[in-house]
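Please open the model in your viewer and keep the selection panel at hand. The stops below go from one selection to the next and say what is found at each.

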Amino acid sequence: MLDLPLDRFCDFLAEQGIRRFWLVWDGEVRASHPALEPLARFLREDRRDFDRHEGIFGQLAPETGVLQAAFVHRTCRGQGAGGVRFWRYANVEDFLRDGLRLAKGMTLKNALAGLWWGGGKGVMAQGTGTSADRRRIYEEYGDFITSIQGCYVTAEDVGTSVEDMAAVFSRTRFTTCIPPALGGSGNPSVPTARGVVRGMEAALAHLGLGTLAGKTVAVQGLGHVGEPLVGFLREKGVARIVGSDIDPGRQALPGVEVRIVERGDSSILFEKADIVAPCATGGVLGPATIPRIQAPVVCGAANNQLEDPERDDVLLQERGILYLPDFLVNRMGIVNCADEQYGFVEPDPRVEAHLGNGWENSVYNLSLSVLEKARRTGRTPARVALDLAEQRSRELHPVWGHRGAEIIRSLVRNGWAA
Ligand code: NAI
């Protein structure tokens with residue numbers, strides 16, 4: 001079943017009469033339907049990406065037939081929060097692994113940022129169902145999110161736009177990143193880019209390499225985050241910016257040497273630069289790329305940059321490359337939208353605190369303290385950040401406790417997938 005392409009998996013679900021399904025952890029992994037036992041077994045036996053995720057919920061969207069899912073990792077600090085990705089996956093395993101890793105990444109990121117949110121992620125599979133009516137796909141996703149009763153609160157992510165979030169919002173209150181015209185905070189990518197710049201500054205300061213002025217930065221991916229990122233880098237006086245993208249439409253960016261590359265071409269990471277910033281897709285740092293990286297610092301926005309988190313941070317360290325983990329520096333997107341129901345202040349002191357030097361938990365200060373601890377202990381910055389995030393992610397929400405887990409139990413008890 002894990003090798004099945006997703007359109008065939010959808011056919012399988014339809015043949016079995018399965019409209020909705022869940023896989024939950026309640027001391028062991030359980031599946032909603034006996035026919036999905038191979039998926040439960042996969043999770044039980046997996047040592048890499050499954051981390052006792054509290055619940056995975058999926059559906060075949062009733063009208064469009066798109067495979068839609070919500071992965072809820074840990075909700076001690078609050079509802080699982082993270083964006084919904086609309087992406088093409090090779091098979092069921094690929095789909096599950098991406099959801100599992102991304103949801104856990106959100107737990108870590110939200111906890112490090114000090115937000116009272118747990119970790120979750122939405123995933124929708126391109127190439128399943130019919131994509132004729134995009135708005136309808138997102139409305140159906142909104143209905144789906146309503147049905148899981150708030151254990152997961154969705155947001156924008158790769159493949160999804162703020163306009164799509166308006167369609168989601170038309171069907172559920174459990175979303176953020178909605179357009180400003182509807183009272184939301186809109187596209188989170190600009191604050192994300194600002195946060196990544198602060199991470200870069202911390203890395204340079206830690207290494208005694210001064211400021212960004214006069215440096216060379218190589219950016220992989222000139223999309224929603226990459227484009228404002230190069231603008232901020234220019235403001236900081238960066239001397240040379242080299243960027244790559246697979247989309248020829250990204251060719252013209254003032255002040256950037258843009259290379260249009262084939263999908264899967266990561267040669268930009270091997271540029272002779274002071275900093276390499278992966279801002280496209282995950283899994284780009286591994287044995288095939290790390291030995292060829294020349295820059296002393298890797299710091300970018302892309303989620304899950306390490307191909308294997310158990311191995312690749314060490315490979316980077318062994319090569320003397322300082323790697324700032326994504327979940328430490330790309331928090332500003334979720335910070336921007338997580339608390340939008342509390343209203344807006346312009347400029348927002350809560351947002352600025354994350355970006356400044358005055359708060360010990362700002363991106364800059366937390367990055368510095370993680371790097372210092374890593375130096376002291378000989379551990380990688382990723383491990384140090386991970387330990388801190390794990391510890392914080394188990395703190396209970398001061399008002400609501402572990403309510404996400406209660407919601408999941410009630411969904412299971414009340415026959416959500418029946
Ligand atoms: P995006 O989809 O707008 O931009 C990604 C860009 O990378 C696109 O222009 C795409 O054509 C390009 N690309 C894809 N593969 C490539 C390759 N092999 N080489 C060069 N370019 C390639 O996505 P966005 O929003 O800019 O996000 C970028 C990364 O940052 C993603 O991994 C996302 O999960 C992560 N992220 C984004 C946040 C946000 O606020 N948008 C927040 C936190 C993380």
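Begin with the hairpin of strand 3 and strand 4, which has 6 residues between the strands, and pick out glycine 65, which takes a positive phi near 75°. Bear in mind throughout that this is a predicted model.

Next, select the two strands of that hairpin, strand 3 (55-60) and strand 4 (67-74). They run antiparallel and are joined by 6 bridges, and glycine 55 stands opposite valine 72 in strand 4. Now add strand 1 (residues 20-25), which also runs antiparallel to strand 3 and is joined to it by 5 bridges; here tryptophan 22 has phenylalanine 57 of strand 3 as its bridge partner.

Stay with strand 3 and colour its residues by burial. In a regular strand the side chains alternate between the two faces of the sheet. In strand 3, Gly55, Phe57 and Gln59 on one side are buried, and so are Ile56, Gly58 and Leu60 on the other, which leaves both faces covered. Because 6 of the 6 residues of strand 3 are buried, the strand is largely enclosed by the rest of the structure.

From there, display the internal voids. The count comes to 1 cavity of 30 Å³ or more, and the largest cavity has a volume of about 50 Å³. To outline this cavity, select Phe9, Phe21, Leu39, Ile56, Phe57, Gly58, Leu67, Ala69, Val92, Phe95 and Leu96, which line it. Strand 3, strand 4 and helix 3 (92-112) each supply at least two residues of that lining. What is the make-up of the lining of the largest cavity by class? It has 10 nonpolar residues and 1 polar residue, with no charged residues.

Move on to helix 13 (residues 381-393), and place a distance between its end C-alpha atoms: they are 18 Å apart, which agrees with the 18 Å that its 13 residues should span at 1.5 Å a residue. Then highlight Pro381, Ala382, Val384, Ala385, Ala389, Glu390, Arg392 and Ser393, which are buried in this helix. To see what covers these buried residues, show the surrounding elements, which include strand 4, helix 3, helix 8 (312-318), strand 14, helix 9 (326-329) and helix 12 (363-377).

Strand 14 leads to the next selection, an open sheet of 6 strands with parallel pairing and the order 11-10-9-12-13-14. Its edge strands are strand 11 (257-260) and strand 14 (322-323), each of which pairs on one side only. Within the sheet, zoom in on strand 12 (residues 275-278) and strand 13 (residues 297-298), which pair in the parallel sense over 2 bridges; isoleucine 275 has valine 297 in strand 13 as its bridge partner.

For the last stop, turn to the second largest pocket, which has a volume of about 1,400 Å³. Of the 46 residues that line this pocket, centre the view on Trp117, Asp339, Glu340, Gln341 and Tyr342, which are the closest to its centre. Then show helix 6 (189-207), helix 10 (332-338), helix 11 (349-355) and helix 14 (403-413), each of which supplies at least two residues of the lining. Which helix gives the most to the lining of the second largest pocket? It is helix 11, with 5 residues. Colouring this lining by class will show 21 nonpolar, 16 polar and 9 charged residues.

Technical notes: Residues numbered from 1 in each chain as written. Predicted model: local features only at pLDDT ≥ 70, side-chain atom pairs only at ≥ 80, totals over all residues. Heavy atoms only, no water. 1 Å grid on protein atoms, 1.4 Å probe; cavity = no way out; pocket = protein on both sides within 12 Å on 5 of 7 lines; lining within 4 Å. Points joined across faces, edges and corners; volume = space filled by probe spheres on them. Helix = DSSP H or I, 4+ residues; strand = E, 2+ residues; numbered from the N terminus. Nonpolar A, V, L, I, M, F, W, Y, C, P; charged D, E, K, R; others polar. Pairing = 2+ DSSP bridges. Expected span 1.5 Å × (residues − 1). Buried < 20%, exposed > 50% of the residue type's maximum accessible area, 1.4 Å probe, protein only. Contact = heavy atoms within 4.5 Å.
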